[in-house]
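Got the viewer open? Load the model, switch to cartoon, and keep a selection box handy.

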Amino acid sequence: MTAPTLTSITDMITSYVNSQVQPVQAYNTTLQQQLAQAQSDNLALNQQIASLNAHIDSLKSGQLPLPSGWTKVVFFDDFNTNTVDLTKWNVRNNSYANNELSIDKAANVSCSNGNLIIQARKETSTVGSTTRQYTSGYLDTIGKESWQTGRFEMKAKLPLAKGMWPAFWLRGNQGLGEIDIMESVGGTGKTVQTVHQSTNGDMAKKGHEDSSTSNLGDWHVYALEREAGVVRWYIDDRLVFTVTNTDATWLDTTFNEPMNIRLNLQVGGSMPTWYGLNVDSTTVFPANFIIDYVRVLSR
Ligand SMILES: [Ca+2]
């Protein structure tokens, strides 16, 4: 037997030490990576907490968060009242249009649990020589408040019953231009966004049909931004349609005046018929168009 040399003993010790140290170093590296990940996660969580706290503060103060670039609330109705605020809205009673099958009644417009409810009912109603089999509701801000530019928002649940025609729209105070922020026909699963040069006759229009929003019976925010030279439509902050004065040379001349807000629910009529989804015996009544809030923002 050969006696171990000093060199071989040193090699053995070095090898042994390395075998012990290397796993520790590897473990240390893993720990450093986990620490870095934890610090990153912590940073992200803190950012989320800060964002949620800001949201809670805004809710406590009665203000919804403002979208980027919009700094002032110039109109807001959260419908936290027992009845419709008549300083903000006109509620139509016994009005009707030729392109629908309902008569608008003030009794079909109410506030409950912080929401505005426009209810379509199957009931006979007569105004003058006109008798119809359905009633519904219509509000507007005519003569109260109007705006030429701004961001117009509504958070709402749409009625999905066949033949329902809820709408959130704008009309010029004097002219015949119309901007439909949101129209929908129950049963289509779609919303429609349109700007009309005129509602009288067959004049120009630009429109879009959006089918990318799932379950229109749940809460969604429908918004429209009108500024010089452009109109933008949003659903839940997703830009769905834009019209500029290059697309529509008549845009700025048509909407060169303040516009009032219209909110209504029609039963049957021209648009449901166009979709082949007019109201019929299978339509379930009552049907509710439920609105959490309406607001107008300025830059
Ligand atoms: Ca509300």
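Leaving aside neighbours within four places in sequence, which residues is Ile-291 in contact with? Select Phe-79, Asn-115, Leu-116, Met-154, Ala-156 and Leu-263: those are its contacts, where contact means C-beta atoms, placed from the backbone, within 7 Å.

Before going on, a word on what you're looking at. This is a predicted model, in which local features need pLDDT of at least 70 and side-chain atom pairs count only at pLDDT 80 or more, while totals for chains, interfaces and linings use all residues. Residues are numbered from 1 along each chain as its sequence is written.

Next, add Phe-168, Ile-179, Ile-181 and Tyr-222 to Ile-291: these five touch the most other members of the largest nonpolar core, which has 54 residues. Such a core is a set of buried Ala, Val, Leu, Ile, Met, Phe, Trp, Tyr and Cys residues joined through C-beta atoms within 7 Å; buried means 20 or more other C-beta atoms within 10 Å of a residue's own, again placed from the backbone. Strand E17, residues 287-298, gives the most to this core, with seven residues. (Strands are DSSP runs of at least two E residues, numbered from the N terminus.)

Now colour the open sheet, ordered E2-E7-E16-E9-E10-E11-E12 with antiparallel pairing; pairing takes at least two DSSP bridges between strands. Its edges are E2 (90-91) and E12 (205-210). Zoom in on E9 (164-172) and E16 (259-267), which share nine bridges; Trp-169 has Arg-262 in E16 as its bridge partner.

Finally, zoom out: the C-alpha trace spans about 125 × 45 × 40 Å along its principal axes.

Definitions and conventions. Buried ≥ 20, exposed ≤ 12 C-beta atoms within 10 Å, placed from the backbone. Helix = DSSP H or I, 4+ residues; strand = E, 2+ residues; numbered from the N terminus. Contact = placed C-beta atoms within 7 Å.
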